[in-house]
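Here are a few exercises to work through with the model open in your viewer. Try each task before you read its solution.

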Amino acid sequence: KSFDEQPFAAASIGQVHKAVLPNGQQVVVKVQYPGVDEACESDLKQVRLALRLMGVLKIDKKLQDQLFAEIQDSLSAELNYEIEVQNLEVFKTFHSKLDDKIIIPTVYKDYSSRRILTLSLEQGDSIETASSWPIEIRNTIGRRLIRALGQEMFFLKRFHCDPHPGNFAFRQDGSVIIYDYGSVKTLSNEIVYSFKRLVNAARHEDIDLIETELLALHSLTEKGKFPSDLYKLWIEVLLRPLTTTYDFAENSSHHDGMLLVKKSLKYWDVFKPSPDTLMVNRTISGHYWNLIHLKVHDNLNDLFEELVPHSN
């Protein structure tokens, strides 16, 4: 019925216009830039070449290939809006049964294609605006973000893995709107099992089991090469935001982690990037910073226990 010529939002692979369908439904239309798929493919090749020339990727060629395949697959899926349509429908169905305040736009398939995606207009405020709201609302939003991610990872075993703040909007009733399901990672049962065992090993400071699970996740080169006392310091830093009353605005874990990096540098070669954990690490660290932007101040231990229950 109408289509705003000027976009109201833009990103790296396309831009977003407001429109109205013939039945009066207000929608947003994501339009992909022409030729962006070829440009992304070219950029990825150039990045890989540059890293090799700088000697950054001091890992064997097989692992290099696996890491770049993971990035390439994720990018290819993000460029195909037909895949995003499937993701939106799966995640909308999943969350609607668990929490009606996780809002995912409705897809209008008759107005969508591989490079055009039409969705219901779901309005909310940015993370910058939400960061000024009362602490009770900010804490509710922070909990909702973490619970949604944990439910996707540990129960659905597919999760939204682009935690950029622009992909979320918020309402003062605590609702979280998730706009972009172009980047989704599927986890195998084995990987989910290893993550759960790794978390519980960390809770019990069981270094041997931690290393066993890191090996299973292809994140460790050899057992026994990283000192136990450093493991324990890292465990405390990494679990602190989820197990104590934590002020994300103060961000003590990040500051203490930076100090630990200096102590850990000489053991750098003990660990390696893993295709199995690449998107998980990206997503968890991204949401950590989202909670920092929201200035959440809460004890999330009960939520952590709900998502990954203690085991003996």
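**Exercise 1. Sort the lining of the second largest pocket by residue class, then find its centre.**

Step 1: the lining splits into 21 nonpolar, eleven polar and ten charged residues. Here Ala, Val, Leu, Ile, Met, Phe, Trp, Tyr, Cys and Pro count as nonpolar, Asp, Glu, Lys and Arg as charged, and the others, Gly among them, as polar.

Step 2: this pocket has a volume of about 1,100 Å³. On a 1 Å grid over the protein atoms alone, a pocket is an open set of points with protein on both sides within 12 Å along at least five of seven lines, a cavity is a set where a 1.4 Å probe fits but cannot get out, and lining residues have an atom within 4 Å of a point. A volume is the space filled by probe spheres set on the points, which are joined across faces, edges and corners.

Step 3: of the 42 lining residues, Ala11, Asp162, Gly166, Asn167 and Asp180 are the closest to the pocket's centre.

Before going on, note that this is a predicted model: local features need pLDDT of at least 70 and side-chain atom pairs pLDDT 80 or more, while totals for chains, interfaces and linings use all residues. Numbering starts from 1 along each chain as its sequence is written, and side-chain values use heavy atoms, with hydrogens and water left out.

**Exercise 2. Find the salt-bridge partner of Lys30 and say what the pair ties together.**

Step 1: Lys30 pairs with Asp180, at 3.9 Å from N to O. A salt bridge needs a side-chain nitrogen of Lys or Arg within 4 Å of a carboxyl oxygen of Asp or Glu.

Step 2: Lys30 sits in strand 4 (residues 26–32) and Asp180 in the loop between strand 9 (176–178) and strand 10 (184–186), so the bridge links parts 150 residues apart in sequence. Strands (E, at least two residues) and helices (H or I, at least four) are DSSP runs, numbered from the N terminus.

Step 3: the whole structure has 15 salt bridges.

**Exercise 3. Work out which residues line the largest cavity, and which helix gives the largest share.**

Step 1: the cavity's volume is about 70 Å³.

Step 2: its lining is Leu145, Ala148, Leu149, Glu152, His160, Phe168, Ile178, Tyr181 and His287.

Step 3: helix 5 (residues 135–156) gives the largest share, four residues.

Step 4: by class, you get six nonpolar, two polar and one charged.
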